Amino acid sequence: MDRMDRINADGLELKDQVISINRVTKVVKGGKNLSFAALVVVGDQGGIVGFGTGKAKEVPQAIRKAIESAKRNLMRVPLAGSTLPHPMVGKFGAGKVLLKPAVEGTGVIAGGTVRAVMNAVGVSNVLTKCIGSNNPHSVIRATFDALKNMKSPEEVARLRGRTVEDL
């Protein structure tokens, strides 16, 4: 199955984690309308992960909408055991995220937003660095950009016309 194929969330044991909740207001003629925006990441801790946003008048509804949005936007990430196959830099807006594989026993060296994504993917040994913006929305999109561009050793070997042992 290709990573870009749509993944059905029905048969998966997905765990969700709230990244941020913002109180947002809209100024209208009669005053201010208060609502909440939630950013959530979901994953099965086995290489499938997604994120979503939701907005509602109350926090629980915003979180529920964000979880539904995240389940619609799942993607598959290639893993090399408990780490990533190769280093990668993801970019979105003013934010960049560097993801580097680490040896067994290192743990997840990451800030809050990237740590939540790595835990949802199932990566337990990784080094990360956020460069530029530390806005959670920019960081999570940059992280997903890096994960989307990850290639497994089998995929690299196929693209180069070689076997995995040759690499």
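This is a short dialogue on reading the features of a predicted model.

Student: Where do I start with a fold like this: how many helices and strands does the chain have?

Tutor: Start by counting elements, then look at their order. Here the chain has 4 helices and 8 strands, and from the N terminus they run β-β-β-α-β-β-β-β-α-β-α-α. Keep in mind that the model is predicted.

Student: And the overall dimensions? What box do the C-alpha atoms fill?

Tutor: Taken along the principal axes, the box is roughly 70 × 35 × 30 Å. For the surface, the accessible area comes to about 9,500 Å², and 49% of that belongs to carbon and sulfur atoms. Of the 167 residues, 41% count as buried.

Student: How do I see whether contacts link distant parts of the sequence? What share of them join residues at least 24 apart?

Tutor: You set a minimum separation and look at the contacts that pass it. Among contacts between residues at least 6 apart in sequence, 56% join residues at least 24 apart.

Student: Let's go inside. How many residues has the largest nonpolar core, and which have the most contacts inside it?

Tutor: That core has 27 residues, and Val-41, Val-49, Met-118 and Leu-147 have the most contacts inside it. Strands E2 (31–43), E3 (48–56) and E6 (95–101), along with helices H2 and H3, each supply at least two of its residues. Apart from it lies another core, of 15 residues, including Val-42 and Ile-67.

Student: Pick one of those. What does Met-118 touch?

Tutor: Leaving out residues up to four places away in sequence, Met-118 touches Leu-99, Val-108, Val-123, Val-126, Thr-143 and Leu-147. Leu-147, you'll recall, is also among the residues with the most contacts inside the core.

Student: How should I read a helix such as H3? Which of its residues are buried?

Tutor: First, the general idea: an α-helix has 3.6 residues a turn, so residues three or four places apart point the same way. In H3, the buried residues are Ser-138, Val-139, Ile-140, Ala-142, Thr-143, Phe-144, Asp-145, Ala-146 and Leu-147. H3 covers residues 136–148, and its 13 residues reach 18 Å from first C-alpha to last, close to the 18 Å expected at 1.5 Å a residue.

Student: Which residue caps the N-terminal end of H3?

Tutor: Asn-135 does, with a side-chain oxygen 3.1 Å from the backbone nitrogen of His-137.

Student: Thr-113 is polar on paper. Is it buried or exposed?

Tutor: Check the relative accessible area against the 20% cut-off for buried. Thr-113 has 13%, so it counts as buried. It lies in helix H2 (residues 112–121) and touches Ile-19, Pro-136, Val-139 and Ile-140, not counting residues up to four places away in sequence.

Student: And Ile-48, buried or exposed?

Tutor: Ile-48, in strand E3, is buried, with a relative accessible area of 4%. Beyond four places in sequence, its contacts are Ile-7, Leu-12, Val-42, Gly-43, Leu-74, Met-75, Arg-76 and Ala-120. Its C-alpha is separated by 26 Å from that of Val-59, 11 residues along the chain.

Student: Now the reverse case: how far apart in space are Leu-127 and Ile-109?

Tutor: They sit 18 residues apart in sequence and 5.0 Å apart in space, C-alpha to C-alpha. Leu-127 is found in strand E8 (residues 126–132) and is partly exposed, at 33% relative accessible area. Ile-109 is one of the residues Leu-127 touches, and others include Leu-98, Lys-100 and Thr-106.

Definitions and conventions:
Residues numbered from 1 in each chain as written. Predicted model: local features only at pLDDT ≥ 70, side-chain atom pairs only at ≥ 80, totals over all residues. Heavy atoms only, no water. Expected span 1.5 Å × (residues − 1). Buried < 20%, exposed > 50% of the residue type's maximum accessible area, 1.4 Å probe, protein only. Polar contact = N/O pair within 3.5 Å; in protein donor to acceptor, adjacent residues only side chain to side chain. Contact = heavy atoms within 4.5 Å. Core = buried A, V, L, I, M, F, W, Y, C linked by side-chain atoms within 4.5 Å. Areas by Shrake-Rupley, 256 points an atom, 1.4 Å probe, with all protein chains shown as cover.
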